[in-house]
Amino acid sequence: WDMVEQKGFVASIFKTFSLNLETLPSRIAFQKAGYLLQELGSGSEFLFRWHNFGPYSSELARTGFSIKSEEISNAVLLEGQFINKFRELIKTNEKNSKFFEMLADIIYIRKNMGIKDEKDIFLKMVEHREYLNDENLFKLAIKRLSIFNLP
């Protein structure tokens, strides 16, 4: 992916999901959307590492902050199988940054920390961010991820 493709993709994320970088919850939702779309096969190649709010890409953040409003206006809406999967994954929780964070954390913990047991994953998430202690939301996230055979 070259810089032009990256910028276009990120502008399309903003436009498709009406996201912005104005508040911390919106920045978290943006990072998690980028991570989840990548995991669902968008073709993006951002490097994510474990950070304050789970998977985080400084490259994605820099790209996001470099985009101007007219670039978002001119961006195309994302389409394809990975978008349909994403919409199904977040269904009924489209505006819940905590749910985005949970989905992304679960995948990251399973893939990069080798923790597979659901109880241990939940404990790891809550240890990292206490406000993620919603067991019902966690169970919903696990159920949704299993639909798409995500890690």
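Q: The expected span of a helix is 1.5 Å times one less than its number of residues; in this predicted model, how far apart are the end C-alpha atoms of helix α6?
A: Helix α6 covers residues 97-112, which makes 16 residues. At 1.5 Å a residue, a helix of that number of residues should span 22 Å. The distance in the model agrees with this expectation, because the end C-alpha atoms of α6 lie apart by 22 Å.

Q: What marks the two ends of α6, and which residue caps its N-terminal end?
A: Just after α6 comes Gly 114, which takes a positive phi of about 70 degrees. At the N-terminal end, the backbone nitrogen of Lys 98 has a side-chain oxygen 3.0 Å away, and this oxygen belongs to the capping residue, Asn 96.

Q: How many of the residues of α6 are buried?
A: A residue counts as buried when its relative accessible area is under 20%. Among the residues of α6 that are buried are Phe 99, Phe 100, Met 102, Leu 103 and Ile 106, and also Glu 101, Asp 105 and Arg 110. The cover over these buried residues includes α2 (24-39), β1 (49-51), β2 (54-56), α5 (81-90), α7 (118-128) and α8 (135-147). The helix is therefore mostly covered, and its buried residues number 12 of 16.

Q: Which element supplies the largest share of the largest nonpolar core?
A: The largest nonpolar core has 47 residues, and Leu 37 and Phe 86 touch the most other members. At least two residues of this core come from each of α1 (3-17), α2, α5, α6, α7 and α8. The largest share is nine residues, and it comes from α6.

Q: Leaving aside neighbours within four places in sequence, with which residues is Leu 78 in contact?
A: Leu 78 sits in the loop between α4 (69-74) and α5, yet it is buried, with a relative accessible area of 12%. Its backbone nitrogen lies 2.8 Å from a polar atom of the side chain of Thr 16, whereas its C-alpha atom is separated by 22 Å from that of Ser 58, which is 20 residues apart from it along the chain. Leu 37, whose own contacts include Phe 82 and Phe 86, touches Leu 78 as well. With those sequence neighbours left aside, the residues in contact with Leu 78 are Phe 9, Ser 12, Ile 13, Thr 16, Phe 17, Leu 37 and Ile 83.

Q: Is Thr 16 buried or exposed?
A: Thr 16 lies in helix α1. Apart from residues up to four places away in sequence, Thr 16 touches Val 76, Leu 77, Leu 78 and Arg 87. Its relative accessibility is 11%, so Thr 16 counts as buried.

Q: Ser 18 has a positive phi although it is not a glycine; about how many degrees is this phi?
A: Ser 18 is found in the loop between α1 and α2, and with a relative accessible area of 56% it is exposed. A comparable case to look at is Thr 92, in the loop between α5 and α6, where phi is near 70 degrees in a residue other than glycine and where the relative accessible area of 61% also means exposed. For Ser 18, the positive phi is about 50 degrees.

Q: What is the relative accessible area of Asn 84?
A: Asn 84 has its place in helix α5. Its C-alpha atom is separated by 9.7 Å from that of Leu 40, although the two residues are 44 residues apart along the chain. Asn 84 is exposed, because a residue counts as exposed when its value is over 50%, and the value for Asn 84 is 52%.

Q: What is the radius of gyration of the protein?
A: The protein has eight helices and two strands, and from the N terminus on its elements run α-α-β-β-α-α-α-α-α-α. For 151 residues the globule rule gives 15 Å, and the protein is close to that value, so it is as compact as a globular protein of that length, with a radius of gyration of 15 Å.

Q: What share of the contacts between residues at least 6 apart in sequence join residues at least 24 apart?
A: The C-alpha atoms fill a box of roughly 45 × 30 × 25 Å along the principal axes, and 47% of the 151 residues count as buried. Among the contacts in question, the share that joins residues at least 24 apart is 68%.

Technical notes:
Residues numbered from 1 in each chain as written. Predicted model: local features only at pLDDT ≥ 70, side-chain atom pairs only at ≥ 80, totals over all residues. Heavy atoms only, no water. Helix = DSSP H or I, 4+ residues; strand = E, 2+ residues; numbered from the N terminus. Expected span 1.5 Å × (residues − 1). Buried < 20%, exposed > 50% of the residue type's maximum accessible area, 1.4 Å probe, protein only. Contact = heavy atoms within 4.5 Å. Polar contact = N/O pair within 3.5 Å; in protein donor to acceptor, adjacent residues only side chain to side chain. Core = buried A, V, L, I, M, F, W, Y, C linked by side-chain atoms within 4.5 Å. Rg over C-alpha atoms; globule rule 2.2 N^0.38 Å.
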